[in-house]
Amino acid sequence: MTSRVFVDGQEGTTGLRIFDYLQARDDIELLRIDSERRKDRDERARLINQADVVFLCLPDEASREAASLVDNPDTCLIDASTAFRTDPTWTYGLPELTPGQRTRIRESKRIANVGCHASAFIMLVRPLIDAGLLPPDYPYSAFSLTGYSGGGKRMIADYEAATDGSLDAPRPYALTLAHKHLPEMRIHGGLDRDPVFTPIVGHFLKGLSVNIPLQRSHLPEGTSAEAITRAWQAHYEGAPFVNVMSAQDSEVLDGGFFDVTACNDTNRVDLCVFGNEERMALVARLDNLGKGAAGAAVQNMNIHLGLEETTGLTCRLD
Ligand SMILES: NC(=O)C1=CN([C@@H]2O[C@H](COP(=O)(O)OP(=O)(O)OC[C@H]3O[C@@H](n4cnc5c(N)ncnc54)[C@H](OP(=O)(O)O)[C@@H]3O)[C@@H](O)[C@H]2O)C=CC1
Ligand SMILES: CC(=O)N[C@@H](CCC(=O)OP(=O)(O)O)C(=O)O
């Protein structure tokens, strides 16, 4: 059976990438909006209500408006923005979160796709907190290294225009320490309070890595690198896009350096723990436009439609 799909925001960074994923598929009929009318409320409402699945690839405010335009009870929204990620009437679009999450995504008509930094952060900590290896009240902090496509069309244009070298060096941002992903990190990560989170954007298009430092003296006795790896392996068993790695794997460190772009053009997320007797770091990497946005959105659509989760996506073993 063919499903009708509309991408609201089809000319943006995430929307274009979803188009790339879907246009080759013969089980999807893509509804296209005339470019001139892409911000016309009535035309968007018409297409939204014709579709089985609508991807909202819009700023938060435009996503809220789009959600208010739905009157077809069969239309499923998958929203890429931050607008609904902690709204209890929406389902959090991270299938790997807990054992029941795929069923919730299958049954829900309102799915909030996960933030790119938040995906990496939550996939590192949540299974470990649930397994009792990390305490919910630990004073968590994290930094993230991300490519500039995370900032959408405007940031891409700024980086591409900066041929004078002015944007060559990495730039920390969100230094008010109130990044918009903190609420979802806390709530869906299972933390007692928001982490101290500092993202850094670099002069590369895409790829992202989140690093969470940990002091072993503040962790439960049994929390070792081996125990963490085992807990991830148990939690993510059968998850086609999650790759639990060992610090000894040759693909993890290249001459002592970690490649934050190694998952680019896939929907894969790599998880790894580094460290010694005293200190550890949990590290995840993913493509911010793949598992961090468009790939995850297509994965959620596949699950919602009852299709094989991996349809049209590159997975762990590819
Ligand atoms: N880029 C990334 O890595 C990630 C992005 N996201 C989220 O996904 C959403 C989209 O981001 P991204 O693709 O990067 O953003 P872009 O800025 O690249 O694209 C947004 C698109 O939305 C269109 N738009 C804006 N307002 C309206 C409106 N009122 N009606 C219809 N269309 C509108 C814009 O139109 P125009 O073409 O005129 O500019 C643009 O094409 C955001 O909420 C973002 O936070 C989530 C995870 C990762
Ligand atoms: C480099 C850059 O600016 N990246 C964006 C992340 C993009 C993202 O995940 O956006 P949403 O969660 O809003 O959907 C940021 O940190 O705000």
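**Exercise 1.** How far apart do the C-alpha centres of domain 1 and domain 2 lie? Describe also how the two domains meet.

*Solution.* The model is predicted: local features need pLDDT of at least 70, side-chain atom pairs count only at pLDDT 80 or more, and totals for chains, interfaces and linings use all residues. Residues are numbered from 1 along each chain as its sequence is written, while chains are lettered from A and ligands numbered from 1 in the order in which they are written.

Step 1. The domain assignment of the protein chain gives domain 1 (3-113 + 292-304) and domain 2 (116-288); such bounds come from an automatic or database domain assignment.

Step 2. The C-alpha centres of these two domains are 25 Å apart.

Step 3. In the interface, 14 residues of domain 1 are in contact with 22 residues of domain 2 (contact: C-beta atoms, placed from the backbone, lie within 7 Å).

Step 4. On the side of domain 1 that touches domain 2, helix 9 provides the largest share, five residues. Helices are DSSP runs of H or I with at least four residues, numbered from the N terminus.

**Exercise 2.** Which domains give residues to the shell around ligand 2? Treat ligand 1 as well.

*Solution.* Step 1. Domain 1 and domain 2 both contribute to the shell around ligand 2, so ligand 2 lies between them.

Step 2. Of the 14 residues around ligand 2, the nearest are Thr 82, Gly 115, Cys 116, Gly 150 and Gly 151 (a residue is near if its C-beta atom, placed from the backbone, lies within 6 Å).

Step 3. Ligand 1 is surrounded by 25 residues, and Gly 12, Thr 14, Ser 81, Gly 152 and Ala 293 are the closest. Each of the two domains supplies at least three residues of this shell.

Step 4. Helix 1 (13-22), helix 3 (60-68), helix 6 (152-161) and helix 9 (290-304) each give at least two residues to the shell around ligand 1. Helix 1 has the largest share, three residues.

**Exercise 3.** At what angle do helix 5 and helix 7 pack?

*Solution.* Step 1. Helix 5 (residues 116-130) and helix 7 (residues 182-189) pack at about 25°, with axes 9 Å apart. Axes are lines fitted to C-alpha atoms over the stretch in contact, and angles run from 0 to 180 degrees between N-to-C directions.

Step 2. Helix 5 is therefore roughly parallel to helix 7 (angles under 35 degrees).

Step 3. Residues of helix 5, including Phe 121 and Val 125, meet residues of helix 7, including Met 185 and His 188.

Technical notes
Parallel < 35°, antiparallel > 145°, perpendicular 65-115°, else oblique. Contact = placed C-beta atoms within 7 Å.
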